[in-house]
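Please open the model in your viewer and follow this tour one selection at a time, pausing at each stop before you move on.

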Number of protein chains: 2
Amino acid sequence: MIALSFDYGQRHRVELSAAERVARAFGVDDHRVVTIDLRQFGGSALTDEIEVPTGRGADEIKQGIPITYVPARNTIFLSYCLALAEVCGAEDIFIGVNAIDYSGYPDCRPEFIRAFESLANLATKAGVEGKSRFKIHTPLAEMSKADIVNKGMELGVDYSMTHSCYAPDESGRACGICDSCLLRLKGFKEAGAEDPIVYGD
Amino acid sequence: MIALSFDYGQRHRVELSAAERVARAFGVDDHRVVTIDLRQFGGSALTDEIEVPTGRGADEIKQGIPITYVPARNTIFLSYCLALAEVCGAEDIFIGVNAIDYSGYPDCRPEFIRAFESLANLATKAGVEGKSRFKIHTPLAEMSKADIVNKGMELGVDYSMTHSCYAPDESGRACGICDSCLLRLKGFKEAGAEDPIVYGD
């Protein structure tokens with residue numbers, strides 16, 4: 001198994017250390033980080049000089065596409081996954097998108113994932129030689145955040161190792177008020193569990 | 001208009017200077033070069049320590065997918081184009097793939113391009129808000145290399161500024177014997193025109 005993370009100019013670059021910790025904890029010996037500069041394009045609160053919205057209610061989060069949407073980001077991520085999978089002879093690609101408690105990003109929706117899977121099987125040798133067949137797996141897509149929290153605990157995830165915040169402070173502490181923190185906190189609350197990470201002031 | 005080139009670890013990196021010259025000659029004032037490291041994945045004669053095949057006949061070139069195929073390369077290229085287009089509010093993306101006198105790459109085929117266009121309109125705000133609609137244009141897709149040479153001359157392309165070779169020598173001169181050079185030379189021959197670039201020994 002290969003784990004792939006992206007250093008794409010995101011504000012919350014600290015998520016890469018969290019990915020490294022989690023990968024190590026689960027015995028993934030090949031964790032790669034691909035650097036892609038999406039700051040040169042900008043256009044998102046995650047990669048540009050645009051403020052991350054905070055304190056929004058659950059209904060507000062679900063309305064429209066927020067400014068934290070990074071144009072074509074998951075398309076770029078999956079393209080790199082596809083390249084690596086083809087080089088390594090892997091057919092199964094997993095991505096942790098969620099389409100229930102999420103921010104309305106177009107590239108988290110099941111129809112996007114299905115379209116990418118079709119594309120993957122036309123874009124590569126698989127489409128011509130028919131020897132392999134790529135499958136894009138989205139185990140978290142149809143789960144609520146509470147379900148995800150519960151499933152993680154069942155599987156032994158140490159959530160103190162994880163990171164979700166879009167706008168952490170300098171020491172990497174989560175803000176507790178961006179959409180991502182709010183969705184995470186709501187998930188823990190609904191799961192009746194306590195979020196072990198430390199939030200900033 | 002924005003021209004986008006990719007510095008992806010290709011052997012024939014000299015093509016980037018050619019792209020810059022051609023863009024300038026045609027008054028494109030915004031020519032961007034995105035650096036993406038496909039060498040870290042390898043798996044192709046263009047990005048890895050694998051020899052570029054030479055001296056192959058036209059029939060041989062058309063048989064199967066050659067080792068110069070770079071896994072998922074055009075998917076990655078188009079994903080970046082899509083990101084930039086969405087940020088800039090552009091709807092028209094042009095790519096110079098060819099599916100007639102080509103090397104059998106899966107990601108040059110019309111069905112791949114159509115699949116990417118569908119994906120583009122699901123992956124982005126266009127797919128949710130329905131305000132814009134991306135179109136992938138492939139003006140060269142159904143033309144023979146001879147047709148392309150003729151069309152370029154009609155449009156005033158100075159072919160001495162251009163580069164096609166996969167394995168240029170240190171001074172950037174084309175080898176004349178890789179598949180790309182052979183397809184180019186065949187195109188000029190069939191067009192009854194002389195290729196103005198200088199070939200190596």
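## Starting at the tail of chain A

Select A:Val198 to begin with, a residue that lies in the segment after H7 of chain A. This is a predicted model, and in it A:Val198 counts as exposed, because 11 C-beta neighbours lie inside 10 Å. If you now add A:Met1 to the selection, you have a pair that is 197 residues apart in sequence and, from C-alpha to C-alpha, 31 Å apart in space.

## Chain A as a whole

Next, select the whole of chain A and colour it by secondary structure, which should bring out 7 helices and 4 strands. Followed along the sequence, these elements come in the pattern β-α-β-α-α-β-α-α-β-α-α. The radius of gyration of chain A is 17 Å, close to the 17 Å that the globule rule gives for 201 residues, so the chain is as compact as a globular protein of that length. A box drawn along the principal axes to hold the C-alpha atoms of chain A would be roughly 55 × 35 × 30 Å. Of the 201 residues in this chain, 39% count as buried. Among the contacts in chain A with a separation of 6 or more, 68% join residues that are 24 or more positions apart.

## Helix H1 of chain A

Now select residues 15-25 of chain A, which form helix H1, and show the side chains of A:Glu15, A:Ala19 and A:Ala23, which are buried. Looking down the axis of H1(A), you should find these buried residues within an arc of 75 degrees, so they line one face of the helix. What do the buried residues of H1(A) pack against? Their partners are strand S1 (2-7) and strand S2 (30-35) of chain A. Just beyond the helix, select A:Gly27, which follows H1(A) and has a positive phi, near 70 degrees.

## A loop residue in each chain

Move on to A:Ala72, which sits in the loop between helix H2 (58-62) and H3 of chain A. Its phi is positive, at about 60 degrees, although A:Ala72 is not a glycine. Is A:Ala72 buried or exposed? With 28 other C-beta atoms within 10 Å, A:Ala72 is buried. In chain B, select B:Ala72, found in the loop between helix H2 (58-62) and H3 of that chain, where its phi is likewise positive and near 60 degrees.

## Where the two chains meet

Show both chains together and select the contact between them, to which chain A gives 31 residues and chain B gives 31 residues. On the side of chain A that touches chain B, helix H3 (73-88), helix H4 (110-123) and helix H5 (125-129) each give two or more residues, and H3(A) gives the most, with 9 residues. The residues on this side of chain A divide into 20 nonpolar, 7 polar and 4 charged. A rotation of 180 degrees, with 0.0 Å of shift along its axis, superposes chain A on chain B with an RMSD of 0.0 Å, and the two copies are thus related as by a two-fold rotation axis. Because 100% of the interface residues of chain A are also interface residues in chain B, the copies meet through the same surface.

## The nonpolar core

Finally, select A:Leu82, A:Phe116, B:Leu82 and B:Phe116, the residues with the most contacts inside the largest nonpolar core, which has 90 residues. Leaving aside neighbours within four places in sequence, B:Leu82 is in contact with residues including A:Ala72, A:Thr75, B:Ile93 and B:Phe134.

Technical notes: Residues are numbered from 1 along each chain as its sequence is written. Chains are lettered from A and ligands numbered from 1 in the order in which they are written. This is a predicted model: local features need pLDDT of at least 70, side-chain atom pairs count only at pLDDT 80 or more; totals for chains, interfaces and linings use all residues. Two residues are in contact if their C-beta atoms, placed from the backbone, lie within 7 Å. Ala, Val, Leu, Ile, Met, Phe, Trp, Tyr, Cys and Pro count as nonpolar, Asp, Glu, Lys and Arg as charged, and the others, Gly among them, as polar. A residue is buried if 20 or more other C-beta atoms lie within 10 Å of its own, exposed if 12 or fewer, and partly exposed in between; C-beta atoms are placed from the backbone. The arc is that of the directions from the helix axis to the C-beta atoms. A nonpolar core is a set of buried Ala, Val, Leu, Ile, Met, Phe, Trp, Tyr and Cys residues joined through C-beta atoms within 7 Å. The radius of gyration is taken over C-alpha atoms; the globule rule is 2.2 Å times the number of residues to the power 0.38. Copies are superposed by least squares on the C-alpha atoms of residues with pLDDT of at least 70 in both.
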